[in-house]
Amino acid sequence: MTLSTTDPRAALIGVYRTPDVLFVRGDGTDLIDDTGRRYLDFTSGIGVNALGHGHPVILEAIERALETGLIHASNLFRTAPAEELARILTRLSGLDRVFFCNSGAESVEGALKFAKKWAKLRGGDDKHRIVAFSRSFHGRLWGSLAVTDRPDYRRPFEPLMPGAVFVDPTDLEAVSATLDPDLTAAVILEPIQGEGGIRFLGDDLLRTVREWTRERGIALILDEVQCGLGRAGTLFAHQSAEIRPDLLCLAKPLGGGLPMGAVLASAEIADAMSPGDHGTTFGGGPLVSAVAIAVVETVSQPGFLAEVVRKGAHLHALLEELRSRYPSTVREVRGRGLIWGIDLMEPAAPVVAGARDAGLLTVPAGSHVVRLLPPLTVSDTEIERAVSILEEVLA
Ligand code: PLP
């Protein structure tokens, strides 16, 4: 996309289709543009701002961290916030060790490397296949794009990482056939597929894949970059299936709006990694880790999660009413907690644009799904206003 040289966006590489709205402030669920107009932000920066904009818990954590003057020291040295955050995340997840990084795609890249190293030690060079599911989205870097089932995102950059295989999660026979213990290093899946249209894969499937991967010595990587950390109404989306993965990818909400990702690993997989096998300059810096501690301590409170479930049920009920009033436009509403998709009979982009013009920010998930990712702190009244704006646009 080429913009006129007088367009203020002209010096940016044109990989985003940004509308011509300039945001200058955030306030709770609202984003405010340079004319002072308020928009209800039901994107949360694509699932990042779990506590909304300008939440005191985050601002105070940033202020306290800044008082130390220690923003970055690199992983050459120890700093306390990363060590404390790793202790908190391992306690909450039941996993044993953490590697910090800077984004979702980077956490997936890390998990793929960890799984591959572990598998190579167990099964040699042939055990390098990575099984991913149809409609998956795991990021846009080399490995994460290779396990992302979006031909339009992949094709311009092929060949990607070899060994990725896609399988339809509803075809259990095919899933089982790909899980060859001699060839397969890992399975990667999103318990709730985000970009693929807000599709919960189901507790039964999660349990089956967990059982098969355990029996066959294959690593199970869960990508909870979007659905993790409270969004699904449980701290981790896989908790409803009562399983423990071998690797868990987190990012988006973790850093409270600052870039942060994490790979959580079982001791067995972590032990396969040696100094020099992986690394990052920025990951787990003291400022972002201090903010992440505040985020995780807030979203993991049982009372906070109970509210996500309650508000999610309210949003769901309103969306079902919307579907019943517009049966020829709305095919289905899907989701859990505060991650919802409105599957339309028509393209989502005009509805997203219309809602934005009417003061509600949403984000498409694939071509026909309008995705709602409000902050987990959203109020009932804001939910009601958002759904009435959607109704205006669909009418
Ligand atoms: N995994 C999932 C499930 C995601 O939804 C995303 C981003 O939307 C990613 C990975 C990639 O995260 P990032 O954009 O931070 O690289």
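Visitor: How far is an oxygen atom of the ligand from a polar backbone atom of Gly104?
Guide: In this predicted model, the ligand is surrounded by residues including Gly104, Ala105 and Gln226. The contact with Gly104 joins a polar backbone atom of that residue to an oxygen atom of the ligand, and the distance is 2.8 Å.

Visitor: Which part of Gln226 supplies the polar atom that lies 2.8 Å from an oxygen atom of the ligand?
Guide: For Ala105, a polar backbone atom is 2.8 Å from an oxygen atom of the ligand. For Gln226, the polar atom that lies 2.8 Å from a ligand oxygen belongs to the side chain.

Visitor: What percentage of the area that the ligand exposes when taken alone does the protein bury?
Guide: Polar contacts with the ligand include one from the side chain of Gln226, at 2.8 Å. Taken alone, the ligand exposes 390 Å², and the share of this that the protein buries is 81%.

Visitor: Why is the pair of Phe99 and Phe114 edge-to-face?
Guide: The whole structure holds three aromatic pairs. In the pair of Phe99 and Phe114 the ring centres are 5.8 Å apart. Planes over 60 degrees apart count as edge-to-face. The planes of these two rings stand at 85°, so the pair is edge-to-face.

Visitor: Which elements hold Phe99 and Phe114?
Guide: Both residues are buried, and their pair links distant parts of the chain, 15 residues apart. Phe99 belongs to strand E4 (residues 97-101), and Phe114 to helix H4 (residues 104-123).

Notes:
Residues numbered from 1 in each chain as written. Predicted model: local features only at pLDDT ≥ 70, side-chain atom pairs only at ≥ 80, totals over all residues. Heavy atoms only, no water. Near = heavy atom within 4 Å. Polar contact = N/O pair within 3.5 Å; in protein donor to acceptor, adjacent residues only side chain to side chain. Areas by Shrake-Rupley, 256 points an atom, 1.4 Å probe, with all protein chains shown as cover. Phe/Tyr/Trp six-rings, centres within 6.5 Å; stacked < 30°, edge-to-face > 60°. Helix = DSSP H or I, 4+ residues; strand = E, 2+ residues; numbered from the N terminus. Buried < 20%, exposed > 50% of the residue type's maximum accessible area, 1.4 Å probe, protein only.
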